[in-house]
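Hello,

Here is the structure we spoke about, with the sequence alongside. My notes on it follow below.

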Amino acid sequence: MRQTGADQHLQVLGRVLAALAERGYRFSELRRRVSGVSEKMLAQTLQTLERDGFVLREAHPVIPPRVDYSLTPLGREAAGLVAALARWSEERVPAVEQARAEYDARPR
């Protein structure tokens, strides 16, 4: 199934929330944890999540610069819902595949 840019962004958002639900991460650690995501896409996702109140960004005045990311209470709630939706959708794959097969078998 082909994905749109919005689909990819939602996947990255879900992966970031899931990672941060485990613990807080520095940017470079988080980038390794959600591998396959460009630095730019991760930075944009984190900025969006911070703006929306899901992520707390803490910049420490040290050399080299250190920035930590963690979930806010709102972010923890969202991460739990995203995880539940992911589990639900994985459990429903056979039903989705059956529905697709039935749809594709319809005469046109």
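Strand β1 is joined to strand β3 (residues 66-71) by two bridges, and the two strands run antiparallel. One residue pair to look at here is Tyr 25, whose bridge partner in β3 is Tyr 69. Please keep in mind that this is a predicted model.

On its other pairing, β3 is joined to β2 by six bridges, again in antiparallel fashion. Leu 56 stands opposite Ser 70 of β3. β2 and β3 make a hairpin, with five residues between them.

Taken together, the strands form an open sheet of three, in the order β1-β3-β2, with antiparallel pairing. The edges are β1 (25-26) and β2 (55-60); each has a single partner strand, so one side of each is left without a neighbour in the sheet. As a general point, side chains in a regular strand alternate between the two faces of the sheet.

Next, the helices. Helix α4 covers residues 73-91. What span should its 19 residues have, at 1.5 Å a residue? The expected value is 27 Å, and the end C-alpha atoms are 27 Å apart, which agrees. The buried residues of α4 are Gly 75, Ala 78 and Ala 79. Seen down the helix axis, the buried residues of α4 fall within an arc of 105 degrees, so they line one face of the helix. The face turned away from that buried side carries the exposed residues Pro 73, Glu 77, Leu 81 and Glu 91.

In helix α3 (residues 39-51) I looked at one residue, Gln 44. Gln 44 has a relative accessible area of 38%. Buried means under 20% and exposed means over 50%, so Gln 44 counts as partly exposed. Along the chain, Gln 44 and Val 16 are 28 residues apart, and their C-alpha atoms are separated by 11 Å.

Last, the aromatic rings. How many aromatic pairs does the structure hold? There is one. Two arginines also sit over tyrosine rings. Arg 23 lies over the face of Tyr 25, at 4.0 Å from the ring centre. This is the Tyr 25 that has Tyr 69 as its bridge partner in β3. The charged end of Arg 108 is placed over the ring of Tyr 103, 4.4 Å from its centre.

Regards

Note on methods: Residues numbered from 1 in each chain as written. Predicted model: local features only at pLDDT ≥ 70, side-chain atom pairs only at ≥ 80, totals over all residues. Heavy atoms only, no water. Phe/Tyr/Trp six-rings, centres within 6.5 Å; stacked < 30°, edge-to-face > 60°. Lys NZ or Arg CZ within 6 Å of the ring centre and 35° of its normal. Helix = DSSP H or I, 4+ residues; strand = E, 2+ residues; numbered from the N terminus. Buried < 20%, exposed > 50% of the residue type's maximum accessible area, 1.4 Å probe, protein only. Pairing = 2+ DSSP bridges. Expected span 1.5 Å × (residues − 1). Arc of directions from axis to C-beta.
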